[in-house]
2 protein chains.
Amino acid sequence: MSDSPSEPTTILGQLRWIAWAQRKAGEDWIRERELSHEQSFALGYLTQHPGTIQRELARVTRTSAASVSSLLQGLERRGLVERRTDPENERRKLVYATEAGSQLVAGFDTALVGIEDELLAPLDPAERAALHALLARITAQLPQPTRD
Amino acid sequence: MSDSPSEPTTILGQLRWIAWAQRKAGEDWIRERELSHEQSFALGYLTQHPGTIQRELARVTRTSAASVSSLLQGLERRGLVERRTDPENERRKLVYATEAGSQLVAGFDTALVGIEDELLAPLDPAERAALHALLARITAQLPQPTRD
DNA sequence: GGTTGACAGTTAGTCATCTAACACTTAGTC
DNA sequence: GACTAAGTGTTAGATGACTAACTGTCAACC
C-alpha cells in the first residue's frame with residue numbers, strides 16, 4: 001500500500017478535505033456577522049423552517065441536544081431567535097428566527113451556493129450530476145440523523 | 001429553490017454528511033484506546049512517516065500549530081510519541097511514534113480501510129474509481145494545506 | 001558582525017462542544 | 001389515579017481547538 005487511507009489519495013480523505021475547504025471558505029462571511037459556523041447554519045435553517053423544535057435542529061446539524069441548547073442561548077441573548085413552548089406539547093420548544101435574525105443571515109444560502117459553485121467549478125453540469133448521484137448512493141445507507 | 005444548500009440534497013451537504021458518518025464510525029475504535037480523533041490520526045501518520053516535523057503535522061491534519069503542540073503533549077505524556085530537536089535546524093522538532101505508540105495504533109489504517117469499505121459498499125470498483133476521479137478534480141484546485 | 005524578517009514551536013486565555021446527570025412533560029398500563 | 005417509560009430540554013464539568021502574543025532559531029543583507 002503506497003498511501004495511508006488517512007491521506008487525500010483516498011476517497012474519504014478527499015471528502016474530509018473538501019468539507020474542510022468549504023468550512024474555511026465560509027469563514028469570512030460568517031465572521032463578519034460575529035457568528036459561529038453552527039450558529040449561522042442554525043439561523044439559516046430556521047429562516048427556512050420556522051418553528052423547528054430543538055431536537056430536530058440537533059438532527060439536521062448532526063450534533064447533540066445540549067449543543068443546540070447552548071447554541072440557541074447565544075442566539076436568543078442577541079435577539080436573533082425566539083423560543084416558544086409548544087402549547088400542544090409542553091416538552092417541545094418551537095424556535096423562530098426573529099426579524100433581526102432573518103436580516104442578519106439574509107443571503108446566507110446564496111453565499112453557500114456561491115461557495116459550492118466555486119468548489120465545484122472544475123466540474124461541468126453533467127459531472128456534477130454524476131457526482132451527486134454517486135454520493136446519494138452512499139448517503140442513502142447512512143445512519144439516521146436525518147430530517148423527517 | 002426547493003432546498004437549502006445546507007441540506008443533504010446538495011453535494012456539499014452530502015460530503016459533510018459522509019465525513020461525519022466516517023467520524024462516528026471510527027469513534028468506537030478510537031475510544032477503546034482512549035485517544036481523540038486527531039490523536040489517532042496523528043499517531044497513525046507518525047508510524048508511517050517517522051520524523052515528521054510538527055508544522056507538517058499541522059498541514060496534513062489541516063489544523064493549527066498550537067493544536068498540534070498540545071495534542072503532542074498529550075501523546076508524549078503517555079509515552080506514545082517522542083520529540084527530538086532536529087540537530088540540523090534547532091527550530092524544528094522531529095516527532096516519532098514510540099514502540100508503545102506504534103503498537104497502540106497498530107491496525108489503525110486497516111480499521112480506516114474497513115470503515116471506508118463499509119461506507120463505499122454501495123459502489124462497485126468502477127464507480128469508486130469514477131468518484132475518486134471526480135473528487136480529485138475538485139481537490140486539485142483547493143487551497144494548500146498539502147503535504148510536501 | 002549586527003540587524004531585520006521569516007520560520008518553528010509554546011503558552012495563556014477564550015470559546016464551543018461533548019458527556020453525564022438532572023427536571024419536566026407526555027403517554028401507556030395496571 | 002399512580003407507576004413506569006420514553007421524549008424534550010437544561011445544567012455542570014471536562015475536553016479540545018483556536019487566536020494572539022511570546023520565545024528562540026535561522027538566513028539574508030548591509
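**Exercise 1. The elements and extent of chain A**

How many helices and strands does the secondary structure of chain A come to? Establish also their order, the extent of the chain and its division into domains.

*Solution.*
Step 1. The structure is a predicted model. In it, chain A has seven helices and three strands.
Step 2. Read from the N terminus, these elements follow the order α-α-β-α-α-β-β-α-α-α.
Step 3. For the extent, take the C-alpha trace of chain A, which spans about 55 × 35 × 30 Å along its principal axes.
Step 4. Chain A holds 148 residues, and 48% of them are buried.
Step 5. Two domains are assigned to chain A: domain 1 covers 34-105 and domain 2 covers 107-140. Their C-alpha centres are 26 Å apart.

**Exercise 2. The protein surface near DNA strand C**

Determine which residues surround DNA strand C, and which parts of the strand they approach.

*Solution.*
Step 1. DNA strand C is surrounded by 20 residues, and the closest are A:Thr63, A:Ser67, B:Gln54, B:Arg55 and B:Gln73.
Step 2. Of the atoms of DNA strand C that come within 4 Å of the protein, 77% belong to sugar and phosphate.
Step 3. Individual contacts with phosphate oxygens of DNA strand C can now be listed.
- A:Ser64 places a polar side-chain atom 3.3 Å from a phosphate oxygen of this strand.
- A:Glu90 contributes through its backbone, with an N or O atom 2.9 Å from a phosphate oxygen of DNA strand C.
- B:Arg83 has a polar side-chain atom 2.9 Å from a phosphate oxygen of DNA strand C.

Step 4. Two or more residues of this surface come from each of α4 (65-77) of chain A, α3 (54-60) of chain B and α4 (65-77) of chain B. The largest share, four residues, is that of α4(B).
Step 5. Sorted by class, the surface near DNA strand C contains four nonpolar, eight polar and eight charged residues.

**Exercise 3. The surroundings of B:Arg83**

Locate B:Arg83 in its chain and identify side chains with which it makes polar contacts.

*Solution.*
Step 1. B:Arg83 belongs to strand β2 (residues 81-85) of chain B.
Step 2. Its side chain makes a polar contact of 3.2 Å with the side chain of B:Gln54. A further polar contact, of 2.8 Å, links the side chains of B:Arg83 and B:Glu76.
Step 3. One of its partners leads back to the DNA: B:Gln54 is among the closest residues to DNA strand C.

**Exercise 4. The protein surface near DNA strand D**

Carry out the analysis of Exercise 2 for DNA strand D.

*Solution.*
Step 1. Around DNA strand D there are 19 residues, with A:Gln54, A:Arg55, A:Gln73, B:Thr63 and B:Ser67 the closest.
Step 2. Sugar or phosphate supplies 75% of the atoms of DNA strand D within 4 Å of the protein, and bases supply the rest.
Step 3. Polar side-chain atoms of chain A lie at the following distances from phosphate oxygens of DNA strand D.
- A:Gln73: 2.7 Å.
- A:Arg83: 3.0 Å.
- A:Lys93: 2.8 Å.

Step 4. The elements that give two or more residues here are α3 (54-60) and α4 of chain A, together with α4 of chain B. With four residues, α4(A) gives the most.
Step 5. By class, the surface near DNA strand D has four nonpolar, seven polar and eight charged residues.

**Exercise 5. The largest pocket**

State the volume of the largest pocket and describe its lining.

*Solution.*
Step 1. The volume of the largest pocket is about 980 Å³.
Step 2. Its lining consists of 35 residues, and those nearest its centre are A:Ala19, A:Trp20, A:Arg23, B:Ala19 and B:Arg23.
Step 3. Chain A gives two or more lining residues from each of α1 (11-32), α2 (37-48) and α6 (108-119), as chain B does from α1 (11-32) and α2 (37-48).
Step 4. The lining divides into 15 nonpolar, 11 polar and nine charged residues.
Step 5. Both domain 1 (34-105) and domain 2 (107-140) of chain A provide at least three residues each to this lining.

**Exercise 6. The position of B:Glu99**

Is B:Glu99 buried or exposed? Give its location as well.

*Solution.*
Step 1. B:Glu99 is part of helix α5 (residues 99-104) of chain B.
Step 2. The relative accessible area of B:Glu99 is 56%. Exposed means over 50%, so B:Glu99 is classed as exposed.
Step 3. B:Leu112 is 13 residues from B:Glu99 along the chain, and their C-alpha atoms are 21 Å apart.

Technical notes. Residues numbered from 1 in each chain as written. Chains lettered and ligands numbered in written order. Predicted model: local features only at pLDDT ≥ 70, side-chain atom pairs only at ≥ 80, totals over all residues. Heavy atoms only, no water. Near = heavy atom within 4 Å. Polar contact = N/O pair within 3.5 Å; in protein donor to acceptor, adjacent residues only side chain to side chain. Nonpolar A, V, L, I, M, F, W, Y, C, P; charged D, E, K, R; others polar. 1 Å grid on protein atoms, 1.4 Å probe; cavity = no way out; pocket = protein on both sides within 12 Å on 5 of 7 lines; lining within 4 Å. Points joined across faces, edges and corners; volume = space filled by probe spheres on them. Domains from an automatic or database assignment. Buried < 20%, exposed > 50% of the residue type's maximum accessible area, 1.4 Å probe, protein only.
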